[in-house]
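Please read the following report with the sequence and the model open beside it, and look up each residue as it is named. The text moves from the arrangement of the chains to the contacts between them, and then to details inside single chains.

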Amino acid sequence: MRIQSMSNKTLNEVFKTWNAAGQGAEMYKTVSELYPICRSITGDGVRQSLRLLQRHIPLALHEVPSGTQVFDWVVPNEWNIRDAYIKNAKGEKVLDFQKSSLHVVNYSVPVRRKMRLPELREHLFTLPEKPDWIPYRTSYYKETWGFCLSQRELDNFKDEEYEVCIDSTLKPGNLTYGELRLPGATDDEVLISCHSCHPSLCNDNLSGMVVAANLARHLSGVSLRHSFRFVWIPGTIGAITWLALNEPVIPRIKHGLVLSCVGDGGRFTYKRSRRGNAEIDRAVEHVLRLSGKEFDLVDFSPSGYDERQYCSPGINLPVGCFMRTPNGKYPQYHTSADDLSFVTAPALAESLFELLKVIEALEANRSYVNLHPKCEPQLGRRGLYRQMGGTSNSGFEEALLWVLNFSDGKHSLLDIAERAKLEMRVLDEAAGALVDRQLLRIAD
Amino acid sequence: MRIQSMSNKTLNEVFKTWNAAGQGAEMYKTVSELYPICRSITGDGVRQSLRLLQRHIPLALHEVPSGTQVFDWVVPNEWNIRDAYIKNAKGEKVLDFQKSSLHVVNYSVPVRRKMRLPELREHLFTLPEKPDWIPYRTSYYKETWGFCLSQRELDNFKDEEYEVCIDSTLKPGNLTYGELRLPGATDDEVLISCHSCHPSLCNDNLSGMVVAANLARHLSGVSLRHSFRFVWIPGTIGAITWLALNEPVIPRIKHGLVLSCVGDGGRFTYKRSRRGNAEIDRAVEHVLRLSGKEFDLVDFSPSGYDERQYCSPGINLPVGCFMRTPNGKYPQYHTSADDLSFVTAPALAESLFELLKVIEALEANRSYVNLHPKCEPQLGRRGLYRQMGGTSNSGFEEALLWVLNFSDGKHSLLDIAERAKLEMRVLDEAAGALVDRQLLRIAD
Amino acid sequence: MRIQSMSNKTLNEVFKTWNAAGQGAEMYKTVSELYPICRSITGDGVRQSLRLLQRHIPLALHEVPSGTQVFDWVVPNEWNIRDAYIKNAKGEKVLDFQKSSLHVVNYSVPVRRKMRLPELREHLFTLPEKPDWIPYRTSYYKETWGFCLSQRELDNFKDEEYEVCIDSTLKPGNLTYGELRLPGATDDEVLISCHSCHPSLCNDNLSGMVVAANLARHLSGVSLRHSFRFVWIPGTIGAITWLALNEPVIPRIKHGLVLSCVGDGGRFTYKRSRRGNAEIDRAVEHVLRLSGKEFDLVDFSPSGYDERQYCSPGINLPVGCFMRTPNGKYPQYHTSADDLSFVTAPALAESLFELLKVIEALEANRSYVNLHPKCEPQLGRRGLYRQMGGTSNSGFEEALLWVLNFSDGKHSLLDIAERAKLEMRVLDEAAGALVDRQLLRIAD
């Protein structure tokens, strides 16, 4: 059943009331609240994080039992952790999970033993080339345990006996993900997906989780043509699980974006969908091109985030990945340096703004038919053209001419926008004025 | 009925007797003669201008009555002007139409009144950022009146009483355009169109009017494959009128060019037809590429000259726009500074020359079929190849090999010219020699 | 009848035992041995050269009688030369064919006469702009005679009587070419062609003849999917003869390369086949791109080597031309300066190496079908993926993901290699591992 949006608020009004500073500050605050929580691909950290987002938007929590077959994979056991530490021979904590959720190899099995350094050393991970940073490591599918710490901390370890404690559980439970669907005028869906499984890492991907939530909040109550589906899911296994359990929904997804690393100060990077020239790919490129900012476009590759799953050959959805500095391209990536100082309120706000522009472009992208296709119609007598000749066309007049000339049943508004290098909003307004004067109609 | 050209003169002979200096001087002289006349979209100024061109070529004047419905438009009333001035309180003429046809807003209704400066000021147009130049302004479809003058002139106006006179008429009459058709061996037509409605502006578009006339003069009496149709028409309403009254001719137009701004010293600019890769687009690009000169190519946009109408979606003719510096891209555009000092004889001659090369390319562009397609035929025993080996191919030998290799029914001579970066004339001569030796035939 | 290769040696083993220095030295030695011989498009010089190559590989000599019709051409009379000289009035040899086979215009008819300088001068060819070099000249199809010499030598000629001797024969005989076919698992053939008609010129084309022979030697005894056909043929007439006599073979040729000028120190140049994006064109480009070396790609043109014939419109084979510095692009081309100092052992070895990489690419280029196309299959439990997460993918993991994602029945391994910028060998190994785990199958 299709639920119509209750509101008549337009997307344009969202832009009119746009407050970058306020938006940025609010999102940064949410990132800060999520930061300390130890998330993983399953477990209470995920639940706690999603519930925190529920303060802003009415997302639903879904629980998928361990052991569920999802395509070639099986939902794993649920992992939870209460505490972890290493104590030296004097009983001093030389590593304390309470200080950073990165200190434990994610999905470590429980351990509580004494051992000397050589044995312990096999379970310690550092970044020698970045001696102050703690690496992020996981071992979801091989049962093991380990600690991550800075090289400087490790350098202080002596060859003595250590007390090692990881107070975790790994047993049948559930995989948890969050979902929110905003129904639009049609069942054509736009999918916004972000991974929610990383522990204390801010850009990757608290930024994505929070920008997605705020995007959803802005679109709530706006009258939209597309329906919007937001998912907060653990990376890889979460996307696979969601796709396996939602196969009937897949054909309805007309456009999609994975959001990640949208909080740093770098320029935008858009990774195209596997199709390469899908409408979403062109809409994002067009918006970034008109943003006046430098940006990078990269072709699809099967490494990265959950676009790997959405763009697997048997799924092949038009889903790209919207980022600032991409995964692996900043030194702080997957380390404790991806912290609250690495993301900024203005960057979060700017990411959200450009995403709203992308959605504006998708919403406005229709095809029209010129009802007076032989020569230009006389716009002046319809009040659409300046009366004094000899001067240049205004931007709106340009838009009218572009829409009239290329509304031949073969070009959509986005096609025209790309050629004209004009904003979709201006073309949309021009098309509206022409439809009002019976010079244009929406194509069938 | 198809009239065959009476002459056997070839286009090649036009090039052999080419005299750039002479051509340039003659065209510049004609521009000078046309310059003082006050043209508009209708009226005696247009008639006088076209009759002046009749000294060089037998173009016909066509008259279309006011009120005639032409697609979405109606042919307007005819405008004529005898005189106009502003006199100050002392009775001195502080503005005199006899000094520049730009001084009156084109299509001003008659006025003869006294008024003080504040009221007059509403009807005065200047260019504050170019204080010595008079702007060009029109008001074809809203009945009003006005004067254009330099900012320096306006600065001398005091708050006193002025006598204002525009001695014009605006009443039912005709829209006048010029036309000349040169019949060729086939009814496939090449359309050359220029606007004839601008008053004392040299580059825009006396240059186009005169280059078109001289192009027609050169092609008269030349044996040509295509028929050529030249039109001198008022901008916008003229093109719309011509198209509306000549719909049966439209399908015969295989290639077309709008000529404008072809007299300034800037480099060539070719604005592609809406189709973007029509034969005319490729021919112009090829010719300009081989010219050794810098040039610009721009994609079609629905602003500019009458390509707007020829390339409207319901007409969609392969008509590009051949210019030097485009409209709006030089500061003198639509001002009194677009005068006789802005256009030069060499620029006019060079424009004409490149247009003749374009026509040479269109005329030569046929497809051929290699009758010995398996390996190269032995050209040496047919007198087409050097006897002494070890040295490089001559340009003609290269052309023979290109024509033979790509005359497979899929490539035209222009296709080959683009790949080979060879002049169409050389390929045409090579094709002729191969046809003579029964190595090649014209494709069906 | 299809002969299966007797050996199970793989191409990979050829690379594992690759010894650039040894290969280069051996090829340079063979070039040195071939250098003094006076080759032409027919005659004993060709036979002697091919027999010298038979020491390395079992190529067959084919003899085609003079007068045989081959498409538009006729196999010419056979030319042989024993000696030639010019003696001055004192009886001193001022030009001696024994010192350089370039001294006689190739295919000169016999002459034994006395004449004074003015008459002799008509038959002497020099390079005034390169006064120390002897030019290379031929006259295959016009019966004449002549000598080539350096300008400095000519400058010493006085106006006296000279004794002129060319002890040659031109009479019915045969055109000789060499051929070697290495049968592979299928009848799909790769053609390697080089011209064998140039006298004492090292880069053009002793380098090609010798690299082709060594390529054949390396592929002998290797288990290959394609059959390989090598031909050593006189330029133009040889390729035409071979094609005319082997028309039934033509459809089996799936890829081909003409080898020429592969011994100089310049960077690689690949001239694409007429088709432009044939598999061979893409394979060579991919290999050169990953070589890390600078290289040039040029589009097909109907000048050059025997790709002219293989790519004539009625043959149109996917045959490109693999070179270092192309014909005509180095000053030594077709002069005595194209000597043993112009080619080097390392350049010959490097050319051979890249050709082997091209063949590796052609051999590996298959299409596969992902048997688990919905989302990624779980590679970790199949031992194909690292267990510790948070770090980057290895190159082999990348290759696995690329192969899985694009093995959709539309992309071949070369398509994937181009997108991924990965070596064909890595992708081939990844595909092999995936086939072993039943995640992939070879496409039908």
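In this predicted model, the residue of chain C that comes closest to the rotation axis is Asn277(C), whose C-alpha lies 13 Å from that axis. The axis belongs to the superposition of chain C on chain A, which takes a turn of 120 degrees with a shift of 0.1 Å along the axis and leaves an RMSD of 0.1 Å. Chain B can likewise be laid on chain A, by a turn of 120 degrees and a shift of 0.2 Å along the axis, with an RMSD of 0.1 Å. Chains A and B are therefore related as by a three-fold rotation axis. In chain B, the C-alpha nearest the axis is that of Asn277(B), at 12 Å.

The contacts that chains B and C each make with chain A can be set out side by side.

| Pair of chains | Residues in contact | Area buried between them | Residues losing the most area to chain A |
|---|---|---|---|
| C and A | 25 residues of chain C, 27 residues of chain A | about 2,300 Å² | Lys374(C), Cys375(C) and Glu376(C), together 27% of what the chain C side buries |
| B and A | 27 residues of chain B, 25 residues of chain A | about 2,300 Å² | Asp72(B), Arg274(B) and Pro302(B), together 27% of what the chain B side buries |

Where chain C meets chain A, 50% of the buried area is on carbon and sulfur atoms, and for chain B with chain A the value is also given as 50%.

Within chain C, three strands form an open sheet in the order β18-β17-β19, and their pairing is antiparallel. The edge strands are β18, which covers residues 408-412, and β19, which covers residues 440-442, and each of these pairs on one side only. From one strand to the next, the twist of this sheet averages 35 degrees. Strand β17, made of residues 367-370 of chain C, is joined to β19(C) by three bridges, and the two strands run antiparallel. One residue can be followed across this pairing, since Tyr368(C) has Ile442(C) as its bridge partner in β19(C).

Chain B offers a further example of strand pairing, centred here on β9(B). Which strands of chain B are joined to this strand, and by how many bridges? Strand β4, residues 78-87 of chain B, is joined by nine bridges to strand β9, residues 161-171, and the two run antiparallel. Strand β6, residues 111-116 of chain B, is joined to β9(B) by six bridges, again in antiparallel fashion. Val164(B) appears in both pairings: this residue of β9(B) is the bridge partner of Ile86(B), and Arg113(B) stands opposite Val164(B) as well. In a regular strand, side chains alternate between the two faces of the sheet.

A last detail concerns one arginine of chain B. Arg47(B) is found in helix α3, which spans residues 44-54 of chain B. Is this residue buried or exposed? Its relative accessible area is 9%, and because this is under the cut-off of 20%, Arg47(B) counts as buried. When neighbours within four places in sequence are left aside, Arg47(B) is in contact with Leu61(B), Glu63(B), Glu78(B), Asn174(B) and Thr176(B). With Glu63(B) there is also a polar contact, which joins the two side chains at 2.9 Å.

Terms used. Residues numbered from 1 in each chain as written. Chains lettered and ligands numbered in written order. Predicted model: local features only at pLDDT ≥ 70, side-chain atom pairs only at ≥ 80, totals over all residues. Heavy atoms only, no water. Pairing = 2+ DSSP bridges. Helix = DSSP H or I, 4+ residues; strand = E, 2+ residues; numbered from the N terminus. Axes fitted to C-alpha atoms, helices over the stretch in contact; angles between N-to-C directions. Least-squares fit on C-alpha atoms with pLDDT ≥ 70 in both. Buried < 20%, exposed > 50% of the residue type's maximum accessible area, 1.4 Å probe, protein only. Polar contact = N/O pair within 3.5 Å; in protein donor to acceptor, adjacent residues only side chain to side chain. Contact = heavy atoms within 4.5 Å. Buried area = accessible area lost by both parts, 1.4 Å probe.
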